Amino acid sequence: MKTRKSQLAALANEQVFDVIIVGGGASGLGIAVDAASRGLKTALFEWHDFAKGTSSKSTKLVHGGVRYLQQGDVKMVKEALLERGLLEKNAGHLFKRQEFIIPNYTWWGGYYYTIGLKLYDLLAQKFSLGKSTLISKKKTIAALPTLKTKGLQKGVSYYDGQFDDARLAVNLAQTASDQGALVMNHMRVVNLLSDAEGNATGVVVKDMETEVEYTVHAKVVVNAAGIFTDKVLKLKDASHKKTVVPSQGVHLVLDAEFLQSETALMIPKTSDGRVLFIIPWNGKVLAGTTDTLIKKPKIEPVALESEIEFILNTIGQYLTKVPTREEVRSVFVGLRPLAKPKKDETNTKEVSRSHKILSEQGVVTIVGGKWTTYRKMAEDVIDTIITDYGFQQNPSKTKELAIRGNIDAQDPNIPAHFEMYGGDLETYKSFEADDANYKELLHPNFAYTLGQVVWAVRQEMARSVEDVLARRVRLLFLDAQAAIEAAPKVAEILAKELQKDSEWEQAQLESFNKLANQYLLD
């Protein structure tokens, strides 16, 4: 992995890039991989950390979207199922085949959902993860022992994909770098440059650690800023009209005892008309999500009381053990950057999840989309750039391109906290063996080690306590209180690795603790 120092030196050379990408979430990172692998000279700048926003706060599912099938959007489902299959092939270390069960409390429900999911299987074609089947009440209870049984008729079993969103973002950043791209976090684009005709010629980017600004030139600027898409467009045109509708999704994390199963529960129709998932994840249970229209985007949105109560109440309707607020280990919130519909729409669950590409005067903007289709979105963006701006016609390579860490099959004997390294695991193990202190635990209740913190800094571009505890290891999302307790060790290691003083270390702790307290329920 290129060092930050070497990447900053490359910026100072005043080279002209083919493509500059603003935003290091799912869209931007996918575009960087696609562009660089086609031979385009590529740079990506992320204001915060890779996947700091929405892209680390998903429901951790790679899926076609059963509810999109209910809405009749077969084209989107088919495309998403193809992309799900490609992700399993190209990032096998982060992908898991997950069984879901839909419990049926009416005599007809099981047959209704079985028919729909058989179509889901059919649309997946060769990338099907397993057959959907109608199962008996007895088998449903055996698979989901904490499910309420009163009135239960049958269950429908089906398979979908589960992944680690923030870890995929890190691996995409590494893959783009491996392909020759300059990829930097904690670099804020503060201005878009234009020539006399109004065509984009590059950006001014500020290093958020030193506040030094760099002028970087490019033939095309890609706006992949997600919920902040409109802010970027306003840098070029102050009168720009809104293109993004933010929709808030809340997730609660509970202890494993609430589900007591490796099988996930899918509730097909809640009181607000959405689906709700209750999923085993990293030794915990993840429950979500909501879909609430938000007027003003924030990088760290906060769950509304009504959303928290909705999820807790829905869990209580289906599981025998009803969680209290005190038993919520973490609450995390993401804002979906949905493409604004032609008419004002307050019911965001009806707003399309498909992506839109806007291309004008050297600025190409990607709006909407979702993690599952990130690769196709990236391919479409680069195809647009090639067509609109006269680059050489090179086809996309990402259908076949392995993402950093990819393996064909996960060794079942590998400890869970090491699975994310995939093909890099042996290199990591060799690194950890160099220092006996590296095996020390970050927190007594979790298997993450001090060595993983050092590795995150040296190999995964982590620059802050939050980068490590939120997105290199997932402790903040699994147990916010444990993350607060582990933070001093992380800050100490980071200060040493990054050659920072005690004042920086203390500032890091204060900043992280302030953030982590937002992940705790009062």
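## A cis bond and its loop

Thr 289 sits in the loop between strand 14 (284-288) and strand 15 (292-293). Helices (H or I, at least four residues) and strands (E, at least two) are DSSP runs, numbered from the N terminus. The peptide bond that leads from Gly 288 into Thr 289 is cis, with omega near 20°. Most peptide bonds are trans, and most residues other than glycine have a negative phi.

This is a predicted model: local features need pLDDT of at least 70, side-chain atom pairs count only at pLDDT 80 or more, and totals for chains, interfaces and linings use all residues. Residues are numbered from 1 along each chain as its sequence is written, and side-chain values use heavy atoms, with hydrogens and water left out.

## Two glutamines with positive phi

Gln 361 has a positive phi of about 50°, although it is not a glycine. Gln 361 is placed in the loop between strand 17 (355-360) and strand 18 (363-368). Its relative accessibility is 33%, so Gln 361 counts as partly exposed. The classes work as follows: buried means under 20% relative accessible area, exposed over 50%, and partly exposed in between (1.4 Å probe, protein chains only).

Gln 499 also has a positive phi, near 60°. Its loop runs between helix 15 and helix 16 (502-518). Gln 499 is exposed, at 75% relative accessible area.

## Overall build

The chain holds 16 helices and 20 strands. Its radius of gyration is 23 Å, close to the 24 Å that the globule rule gives for 522 residues, so the chain is as compact as a globular protein of that length. The radius is taken over C-alpha atoms, and the rule is 2.2 Å times the number of residues to the power 0.38. Along the principal axes, the C-alpha atoms fill a box of roughly 70 × 55 × 40 Å.

Of the 522 residues, 60% count as buried. Contact means heavy atoms within 4.5 Å. Take the contacts between residues at least 6 apart in sequence: 72% of them join residues at least 24 apart.

## Surface and charge

About 21,700 Å² of the chain is exposed, and carbon and sulfur atoms supply 51% of that area. Areas come from the Shrake-Rupley method with a 1.4 Å probe; for residues, only the protein chains shown count as cover.

The chain has 66 positive and 64 negative charges, and their mean positions are 6 Å apart. Lys and Arg count as positive and Asp and Glu as negative, while His and the chain ends are not counted. Each charge is placed at NZ of Lys, CZ of Arg, CG of Asp or CD of Glu.

One charged residue, Lys 376, lies in helix 10. Beyond its neighbours within four places in sequence, Lys 376 is in contact with Glu 79 and Glu 83. Asp 467 is 91 residues away from Lys 376 in sequence and 27 Å away in space, C-alpha to C-alpha.

## Nonpolar cores

A nonpolar core is a set of buried Ala, Val, Leu, Ile, Met, Phe, Trp, Tyr and Cys residues joined through side-chain atoms within 4.5 Å. The largest has 92 residues; Ile 31, Leu 87, Leu 168, Ile 385, Leu 469, Leu 475 and Leu 476 touch the most other members. Helix 15 (residues 480-497) gives the most to this core, with 11 residues. A second, separate core has 29 residues, among them Leu 144, Val 250, Leu 259 and Val 333.

Sequence neighbours within four places aside, the contacts of Ile 31 include Ile 21, Val 222, Ala 224 and Ile 366. Ala 378, Val 381 and Ile 382 also touch Ile 31.

## Three buried sites

Gly 405 is found in the loop between helix 10 (374-389) and helix 11 (425-433). Gly 405 counts as buried, at 8% relative accessibility. Gly 422 is 17 residues away along the chain, yet the two C-alpha atoms are separated by 4.6 Å. Outside its neighbours within four places, Gly 405 is in contact with His 93, Tyr 421, Gly 422 and Gly 423.

Leu 319 occupies the loop between helix 9 (305-318) and strand 16 (330-339). Leu 319 is buried, with a relative accessible area of 2%. Leaving aside neighbours within four places, its contacts are Thr 146, Leu 147, Lys 148, Phe 258, Leu 265 and Ile 278.

Thr 449 lies in strand 20 (residues 446-449). Thr 449 is buried too, at 4%. Not counting residues up to four places away in sequence, Thr 449 touches residues including Tyr 428, Glu 432 and Tyr 438.
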